[in-house]
Amino acid sequence: MLTTVGRTAYDAELDSFRDQVRKVFDKILHPHLDRWEEEGIVDRDFWLAYGEAGLLCPQVPAEYGGLGLDYRYNAIIGEELAYAGCSAGVTLQSDITVDYLINYGSEEQKARWLPGMVSGEVITAIAMTEPGTGSDLQGVKTTAKRDGNHYVVNGSKTYITNGQNADLVIVVAKTDPTLGSKGISLVLVEREREGFARGRNLDKIGQSSADTSELFFNDVRVPITNCLGEEGRGFAHLMGQLPQERLQIAIAGQAGAQRAFDEAVTFTKDRKAFGQSIFDFQNTRFTLAALKTKLQVGWAHLDWAIKRHVAGELTAAEASAAKLFHTELQWEACDTALQLHGGAGYMNEYPIARLWRDARVQRIYGGTSEIMKEVVARSI
């Protein structure tokens, strides 16, 4: 179990909120995790229950149905989700897509979409990645060309979280392909639009319960009013939101690393070999001691990053460094914990197997570790 002892980002009120989150998860999340993994998707009933519990998009202002809370509440929910081993796309909505609507949406867009995003009636996705374009967002090929008072959207996207469930997709598209990054815009596409189609629910190594899809846009007509933010400012809007996205991934990385460590401690203390517990071997204790030390440093750094973000001071380079450090730590912790499980770690009946599989993509999405190093290097 995660502890708030010694944490500096939270106070007694937030500790109480964490307890509420855990109680909600005991009712609506833990009993269904295995089924979601098998089915490859989280059912919409969970989204509705999650929203009813007040855990979706807690930062949305009260006038749009939200609680108007600061990002520390998102962070607690994210920590608990990751520690539970849940890869549902709710953090994508709460920590990423909703802030595009809050920060760049028109009053009409906010009034139409935010209440449903809070309640769970509206599920969202953001479509950046394309078959030939990953971290290089300036290279997207999807277009949204003006035709009177409409955009006509053409192109395809892949690896889109919530792709199967999404009612609303924020599409990264070129409204003027001749202007490079200044020709990129964000266009809202509703699920019922003619010409919008979903491909298969992609078969992934891990995070099986998160529906991840291909999306296709074939002459999809949407009104000009579906432009989110300023036309041609899409790339700037994306860059403005990346620090929070990368912080969210870092939070999940740290909590996932802690869960892997805890699983390893429990297993090695219970399992016997050569007449003693595996934990009593010096190699095991020293390996776990080294991991515990890194986790201690990691939690202190994460609190520093959360507080800076709440204060509006976390830079793009700092957020990238956080994602780099915490996701690399997560992978180290998960791989080490699996090794300490021995052959049992390779069996899906043990939680460490899922934790290990789910951790691998953390060093890829939201910007690869290599891209994170590049961003940090540019700040030196």
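**Contacts, helices and cores in a predicted model**

User: Leaving out residues up to four places away in sequence, which residues does Gln-362 touch?

Analyst: The model is a predicted one. Gln-362 sits in the loop that runs between helix H10 (351–359) and helix H11 (369–378). Not counting residues up to four places away in sequence, Gln-362 touches Ile-249, Ala-252, Gly-253, Lys-323, Thr-327 and Gln-330.

User: Is Gln-362 buried or exposed?

Analyst: A residue is called buried when its relative accessible area is under 20%. The value for Gln-362 is 3%, so this residue counts as buried.

User: With which side chain does the side chain of Gln-362 make a polar contact?

Analyst: The loop between H10 and H11 holds Gln-362. The polar contact made by its side chain has a distance of 2.6 Å, and the partner is the side chain of Tyr-365.

User: How far apart in space are Lys-269 and Gly-253, C-alpha to C-alpha?

Analyst: Gly-253 is among the residues that Gln-362 touches, and Lys-269 is found in helix H7. In sequence, Lys-269 and Gly-253 are 16 residues apart. From C-alpha to C-alpha, their separation in space is 24 Å.

User: Which residues does Lys-269 touch, not counting those up to four places away in sequence?

Analyst: Lys-269 has a relative accessibility of 46%, so it counts as partly exposed. Once residues up to four places away in sequence are set aside, Lys-269 touches Ser-277 and Phe-279.

User: What span does helix H8 reach from its first C-alpha to its last?

Analyst: H8 covers residues 282–310, which is 29 residues. At 1.5 Å a residue, the expected span is 42 Å. The span in the model is close to that expectation, at 42 Å.

User: Against which helices do the buried residues of H8 pack?

Analyst: The buried residues of H8 include Leu-288, Leu-295, Trp-299, Asp-303 and His-309. The buried residues of this helix pack against helix H4 (71–84), helix H7 (234–270) and helix H9 (316–341).

User: Which residue with a positive phi follows H8?

Analyst: H8 ends at residue 310. The phi of the residue that follows the helix is positive, near 75 degrees, and that residue is Gly-312.

User: With which residue does Asp-303 form a salt bridge?

Analyst: The closest N and O atoms of the pair are 2.7 Å apart, and Asp-303 is bridged to Arg-7. This pair links distant parts of the chain, 296 residues apart, with Asp-303 in H8 and its partner in the segment before helix H1 (12–28). Both are under the 20% limit and so count as buried, with Asp-303 at 2% and its partner at 11%. That partner is Arg-7.

User: How far apart are the closest N and O atoms of Arg-35 and Asp-43?

Analyst: Arg-35 is partly exposed at 31% relative accessibility, and Asp-43 is partly exposed at 23%. The two residues form a salt bridge, with their closest N and O atoms at a distance of 2.9 Å.

User: Which residues do salt bridges that share partners join into one network?

Analyst: Glu-313 forms a salt bridge with Arg-308, the closest N and O atoms being 3.6 Å apart. Salt bridges that share partners build one network from Arg-7, Arg-18, Arg-22, Glu-79, Glu-80 and Asp-303.

User: Which helix gives the most to the largest nonpolar core?

Analyst: The largest nonpolar core has 71 residues, and those with the most contacts inside it are Leu-29, Phe-46, Tyr-50 and Tyr-100. Nine residues of this core come from the helix that gives the most, H4.

User: How many residues are in the second, separate core?

Analyst: Phe-46 touches Ile-28, Leu-29, Trp-36, Ala-88 and Val-90, not counting residues up to four places away in sequence. A second core, separate from the largest one, includes Ala-125, Ala-166, Phe-196 and Ile-224, and its size is 19 residues.

User: In which sense do strand E3 and strand E7 pair?

Analyst: Strand E3 spans residues 150–161 and strand E7 spans residues 212–223, with nine bridges between them. One bridge joins Thr-161 to Thr-212 in E7. The sense of the E3 and E7 pairing is antiparallel.

User: Which residue in E7 is the bridge partner of Ala-197?

Analyst: Strand E6 (residues 196–201) pairs with E7 over four bridges in the antiparallel sense. The bridge partner of Ala-197 in E7 is Phe-216.

Technical notes:
Residues numbered from 1 in each chain as written. Predicted model: local features only at pLDDT ≥ 70, side-chain atom pairs only at ≥ 80, totals over all residues. Heavy atoms only, no water. Helix = DSSP H or I, 4+ residues; strand = E, 2+ residues; numbered from the N terminus. Expected span 1.5 Å × (residues − 1). Buried < 20%, exposed > 50% of the residue type's maximum accessible area, 1.4 Å probe, protein only. Contact = heavy atoms within 4.5 Å. Salt bridge = Lys/Arg side-chain N within 4 Å of Asp/Glu carboxyl O. Core = buried A, V, L, I, M, F, W, Y, C linked by side-chain atoms within 4.5 Å. Polar contact = N/O pair within 3.5 Å; in protein donor to acceptor, adjacent residues only side chain to side chain. Pairing = 2+ DSSP bridges.
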